Amino acid sequence: MKHGLDERLPFYPLRIAVLTISDTRNETTDTSGALLADRLATAGHELAGRAIVPDEVEAIGRQIRTWTDDPQVDVILTTGGTGFSPRDVTPEAVRPLLDREMDGFSVIFHQASFGTVGVSTLQSRALAGQIGETFIFCVPGSTGACRDAWDLVLAQEFDSRFRPCSLVGQVPRYRGVCA
């Protein structure tokens with residue numbers, strides 16, 4: 001098998017928190033956060049937390065630090081604030097917190113997104129990395145972009161059965177379990 005899911009291997013669930021960054025969405029209108037929460041649960045992962053914060057650097061950073069300080073959170077997914085409008089500040093809030101940036105995520109996300117929205121993918125500043133031992137992935141706020149991010153990239157990256165390797169083996173509680 002060159003790459004893909006090896007169904008013979010065990011599935012190890014991640015604990016994933018979902019953060020929606022928006023000045024306008026609430027629990028009822030947050031379709032992007034709902035999609036991510038639904039997708040991760042359907043895949044067998046655990047929703048470790050869900051929140052909505054305004055497009056403000058301090059509010060974003062405060063919630064992210066709360067989750068990165070919590071050993072029950074393996075991964076944070078953010079949706080929103082990655083564009084070019086004046087209020088889009090997710091990269092500005094997250095990048096200073098990163099210990100390591102995962103440059104390849106942006107590349108792969110844009111390749112996947114190009115197939116659905118064409119060159120409009122250039123208007124996204126999607127990014128990912130690691131804060132301490134917690135991984136964070138920041139995707140655009142549209143429900144379509146969240147669907148692309150999960151279905152075309154994250155579902156595989158978060159599945160311990162994906163070969164030749166997945167992110168799961170880098171999560172402290174699974175180190176040595178997923179080769």
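The two exercises below concern the pockets of this predicted model.

**Exercise 1.** Describe the largest pocket by its volume, the residues around its centre, the elements of its lining and the classes of its residues.

*Solution.* Begin with the volume: the largest pocket holds about 270 Å³ of space. Turn next to its lining, which is made up of 19 residues, with Ser-124, Pro-140, Gly-141, Ser-142 and Ala-145 lying nearest the centre of the pocket. The elements that contribute two or more residues to this lining are helix H4, spanning 103-117, and helix H5, spanning 143-157. Of these, H4 provides the largest share, namely four residues. Finally, sort the lining of the largest pocket by class, which gives 13 polar residues, four nonpolar ones and two charged ones.

**Exercise 2.** Carry out the analysis for the second largest pocket, and state which helix gives the most to its lining.

*Solution.* The volume of the second largest pocket is about 230 Å³. Its lining includes the aromatic residues Phe-105, Phe-137 and Phe-162, together with Met-102, Ile-108, Leu-152, Val-153, Leu-154 and Cys-165, and it is completed by Gly-104, Gln-156 and Glu-157. Both H4 and H5 supply at least two residues of this lining, but H5 gives the most, with five residues. As a last step, the classes for the second largest pocket come to nine nonpolar, two polar and one charged; the lining of the largest pocket, by contrast, has four nonpolar, 13 polar and two charged residues.

Terms used:
Residues are numbered from 1 along each chain as its sequence is written. This is a predicted model: local features need pLDDT of at least 70, side-chain atom pairs count only at pLDDT 80 or more; totals for chains, interfaces and linings use all residues. Side-chain values use heavy atoms; hydrogens and water are left out. On a 1 Å grid over the protein atoms alone, a cavity is a set of points where a 1.4 Å probe fits but cannot get out, and a pocket is an open set with protein on both sides within 12 Å along at least five of seven lines; lining residues have an atom within 4 Å of a point. Grid points are joined across faces, edges and corners, and a volume is the space filled by probe spheres set on the points. Ala, Val, Leu, Ile, Met, Phe, Trp, Tyr, Cys and Pro count as nonpolar, Asp, Glu, Lys and Arg as charged, and the others, Gly among them, as polar.
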